[in-house]
Amino acid sequence: MRVSVSGVRARLSHPRRGNLRAFARARFRTGFEARPLALSRAFRALRALFAGAAAVIAGALVFAALLHPEPARAAGGPAAYAPGLTGATLPGADLPGPGMALQPDPAGGASAFAPGGFPGAGIGSGQPQGRGRNGQVPADTGWRIRILEAAVVNGPMVTLGEIGQVHGAPPPGVWERLANRPLWPAPAEPGKPLQVNRTRLSQALREALGDVADRCLLPTSMAIQSGGAVLREDDLRALVVRELTPRLRALPGDAELEDFRLPTYAFLAHPGQRIALETGRIGPGRLPLRFVALEVDGTPIRRFTGTVMVNLWADVPCAAQPLNRGDRVGPEQVTWIRKNLTFVRGDLWDGRGGPWEARKAVGTGQPILISDLGPVTAVRRGAVVNLVYARGAVRLVVKAEALADGGTGDTVPVRNLQTKKQVYAEIVDADTVQVK
């Protein structure tokens with residue numbers, strides 16, 4: 001500033017260059033250069049002030065949220081139906097919102113949603129949660145309530161006894177009161193299951209049960225249907241055992257079922273419907289299952305699948321000692337061992353017939369398959385045999401070389417040692433082959 005002004009004054013004092021217009025331009029330039037410096041300092045101060053205030057406000061909001069947490073509400077929507085085993089998938093459908101609990105209508109009408117708890121069983125009443133009448137905290141007996149993955153309700157309200165099973169030994173009378181506890185309205189449309197996710201289910205149970213919700217073991221999701229029936233995995237397993245047992249008895253050996261892979265549940269729209277099992281050929285190994293839901297008149301409604309492992313145990317012939325290719329197989333080389341036919345690949349030898357010869361190597365204790373055996377080799381490849389030509393009264397015998405192994409009755413190629421021609425002949429014995 002001082003230099004610029006002095007410079008202008010110096011120019012103004014010069015008799016040739018000084019004038020009033022140059023002096024005015026110098027004053028405007030010096031003022032414009034001075035203002036941004038002051039304004040930038042002011043803006044920086046205001047910005048620091050606002051940043052500090054924002055940090056204080058944010059800290060206060062976080063502290064308030066920690067002191068008074070509020071559960072987030074899952075997004076819900078109108079109920080809809082999608083055909084299939086589990087029906088519609090609408091998390092939170094027809095469930096009360098946060099802070100809402102069921103209150104009975106004093107006039108005996110339908111229940112409605114209202115703020116507050118639901119009296120009874122020491123929950124929502126004036127008595128503190130988890131304490132007895134004397135104010136002492138009772139010992140935790142370890143009982144729990146397992147919420148089912150699928151349930152059918154028969155009233156206007158879903159009750160805890162319809163969707164849960166108690167495990168352990170709760171105090172006397174507690175489960176009886178809890179089982180009749182209304183939780184939320186049942187699905188509006190009968191026979192159409194609705195799916196509720198774990199988050200929404202946990203929130204609804206806590207709103208209706210309070211601290212008792214901590215004892216609930218929740219599934220990943222739960223399907224609820226008004227009316228009808230539900231077959232759970234145990235019911236489908238019993239159906240498979242009942243249908244397959246008569247057919248398994250017809251198999252050779254002792255059959256057993258294990259490793260069931262079945263749907264978790266299957267809904268029926270009304271009690272008149274039923275589920276049947278369709279199966280094809282039964283044998284050892286993984287057996288595919290096909291279930292079909294039938295209407296009252298037998299019309300198929302839908303199908304779904306599953307599998308089960310069939311183990312079939314039987315005594316089978318096995319190698320008593322290592323068998324190499326070409327070894328004779330007799331009673332002294334065979335032992336009978338109980339094996340699971342599920343893991344036997346190929347058709348088993350029944351131990352009959354013979355004499356037999358091993359066509360491939362078989363280890364000790366391994367089952368002997370039909371493909372492992374063949375007739376005893378009468379002629380080996382490279383052996384010199386008598387080749388017989390017989391036509392009516394004419395009979396010609398020449399020497400020939402066998403070009404392949406074969407047993408009695410087999411047809412093998414041979415080479416006439418005189419003419420070097422190849423022909424096919426039937427093995428008569430170890431020394432003779434005959435052209436047919």
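**Strands, a barrel and a helix**

Visitor: How many bridges join strand E23 to strand E24?
Guide: This is a predicted model, by the way. Strand E23 covers residues 384–391 and strand E24 covers residues 394–402, and the two run antiparallel. One spot to look at is Val385, which stands opposite Ala400 in E24. As for the bridges joining E23 to E24, the count is 8.

Visitor: What is the average turn between neighbouring strands of the sheet that holds E23 and E24?
Guide: That sheet is a closed barrel of 5 strands with mixed pairing, running E23-E24-E26-E27-E28. Ignoring direction, its neighbouring strands are turned against each other by an average of 55°.

Visitor: Over to helix H5: what span does it reach from its first C-alpha to its last?
Guide: H5 takes in residues 198–209, which makes 12 residues. At 1.5 Å a residue you'd expect 16 Å, and the helix comes close to that. Its reach is 16 Å.

Visitor: Which residue follows H5, and what is its phi near?
Guide: Buried residues of H5 include Ala208 and Leu209. Just after the helix comes a residue with a positive phi. That's Gly210, with phi near 70°.

Visitor: Is Cys318 buried or exposed?
Guide: The cut-off for buried is under 20% relative accessible area. Cys318 has 0% relative accessibility, so it counts as buried.

Visitor: And Cys216, buried or exposed?
Guide: Apply the cut-off of under 20% again. Cys216 comes in at 9% relative accessibility, so it too counts as buried.

Visitor: How many disulfides does a search of the whole structure find?
Guide: A pair of cysteine sulfur atoms has to lie within 2.5 Å to count. Searching the whole structure on that basis, the number of disulfides found is 0.

Definitions and conventions: Residues numbered from 1 in each chain as written. Predicted model: local features only at pLDDT ≥ 70, side-chain atom pairs only at ≥ 80, totals over all residues. Heavy atoms only, no water. Buried < 20%, exposed > 50% of the residue type's maximum accessible area, 1.4 Å probe, protein only. Pairing = 2+ DSSP bridges. Helix = DSSP H or I, 4+ residues; strand = E, 2+ residues; numbered from the N terminus. Axes fitted to C-alpha atoms, helices over the stretch in contact; angles between N-to-C directions. Expected span 1.5 Å × (residues − 1).
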